[in-house]
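User: I'd like to learn how to read strands and helices in a model like this one. Can you walk me through it?

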Amino acid sequence: MARKITQVLLVPFALSLLLVGLYTAAMHAPAPHRMNVAVAGPQAHTAPLAASLRKAVGDAYDITTVTTSARARQLVEDRTVAAAYVPSPSPGDRAAGTASTAFAQPPQPSGPVLYVASAAGPTGVTTAAAPFTNTAVQQHQFLQVRDLVPLSPHDTSGTTTMYVAIGLTLSGYMSVVILTTAFGAALTRRRAVAALAAFAAVTTLAIWAIAGPVLGALHGSAPAIWVTGWLTVMAVGMGTLLLSRFCGRLTTLPAVGIFMFLAMPASGAAVPVDTIPEPFRALHDIVPLTSTFGSLRQIMYFGGDNIARYWLALVLWALAGLTLTTAYDTFKARRTARRAETAPHLTPLPRPTASSASH
């Protein structure tokens, strides 16, 4: 009994170590690595400033120059750059967007302007602004920070899309783990896919209702949010179904490790992806959580721009999981059939009875 208890407790033990180890390794000391920022203005003015900044920050920031403040604002709104610095703004430049609540604002703005978009990731705004804040201080100027895409007043922490993405991901792998554990071999692949598709539809609707109409924290196109949720549950669920073919009752461990513990820092949902170590950055475009979080953020704050690429990634995850599971099941069935065909030739002769042995 003691041995069985130890074996069972190995799963929560390993999950605890994975949680602490991976999260701490990825996010204990976020630091920018080639974070994209821009400097706007006439080339004669911006080139020396950009060169000075590159010398000061090294590889921490990737600094580009643009000739107009309008172009700088467009880059920020498109999330091509995390921040854009305008050293000599016009009155119109000072009125763009809204005053950032994350920085003290000058009572009478006269210095440079920095454009940010807190909806793209509030935790990254301070990091993106750091080199320009230092520049303004060195020049004895007060930096005016303008937020071009501010957070919703109902989502002031910017965490709603992250928590919804986590909930959808959890629904995907936990549903398959519970189904395969409860029904075992009785759960055929067809039944599993059908159950998961129905579960995904209902669960996504319930999650949207709680975060949206009930709490008022999630906004945007309800059909687009539903599609994102359904695709997420199917993508993660199909991946977990494939894992169950190899891991059996231990499927929880690799499923949580891949779809949550690795995916959370790699997705950029908690901290900007360009502030985490390389092994996690390499996974950014691969893990499903990136597509789920990215889709929800685009729907809520950016009009659903470029959402198709996120949906495509989730579809590919679901199709890959289903295809590989089907291939595995087919191979296993054929191997079982071959063994059954050869079994009669290997059947041992019946042992003689006691009466026949006496004769």
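Analyst: Sure. This is a predicted model. Let's begin with a strand pair: strand 4 and strand 6 (residues 144-147) run antiparallel, joined by two bridges. Within that pairing, Thr-98 has Asp-147 of strand 6 as its bridge partner.

User: What is the strand order in the open sheet, and which strands are at the edges?

Analyst: The open sheet has six strands in the order 2-1-3-5-6-4, and its pairing is mixed. Strand 2 and strand 4 (98-99) are the edge strands, each pairing on one side only. As a general idea, side chains in a regular strand alternate between the two faces of the sheet.

User: In which sense do strand 1 and strand 2 pair?

Analyst: Strand 1 (residues 35-40) pairs with strand 2 (residues 61-66) in the parallel sense, over six bridges. Look for Val-37, which sits opposite Ile-63 in strand 2. Add helix 2 (residues 43-57) to strand 1 and strand 2, and you have a right-handed β-α-β unit.

User: And how do I read two packed helices?

Analyst: The general idea is to give the angle between the axes and the distance between the axes. Here, the axes of helix 1 (residues 2-27) and helix 9 (residues 252-267) come within 10 Å and cross at roughly 15°. That angle is under 35 degrees, so helix 1 and helix 9 count as roughly parallel. The crossing is right-handed.

User: Which residues meet there?

Analyst: Among them are Leu-15, Leu-18 and Leu-22 in helix 1, and Val-256, Met-260 and Phe-261 in helix 9. By class, this contact has 16 nonpolar, two polar and no charged residues.

Note on methods
Residues are numbered from 1 along each chain as its sequence is written. This is a predicted model: local features need pLDDT of at least 70, side-chain atom pairs count only at pLDDT 80 or more; totals for chains, interfaces and linings use all residues. Side-chain values use heavy atoms; hydrogens and water are left out. Two strands pair if DSSP finds at least two bridges between them. Helices (H or I, at least four residues) and strands (E, at least two) are DSSP runs, numbered from the N terminus. A crossover is right-handed if, with the strands pointing away from the viewer, the path from the first strand over the helix to the second runs clockwise. Axes are lines fitted to C-alpha atoms, for helices over the stretch in contact, and angles run from 0 to 180 degrees between N-to-C directions. Angles under 35 degrees count as roughly parallel, over 145 as roughly antiparallel, 65 to 115 as roughly perpendicular and the rest as oblique. A crossing is left-handed if the near helix is turned anticlockwise from the far one by less than a right angle, and right-handed if clockwise. Contact means heavy atoms within 4.5 Å. Ala, Val, Leu, Ile, Met, Phe, Trp, Tyr, Cys and Pro count as nonpolar, Asp, Glu, Lys and Arg as charged, and the others, Gly among them, as polar.
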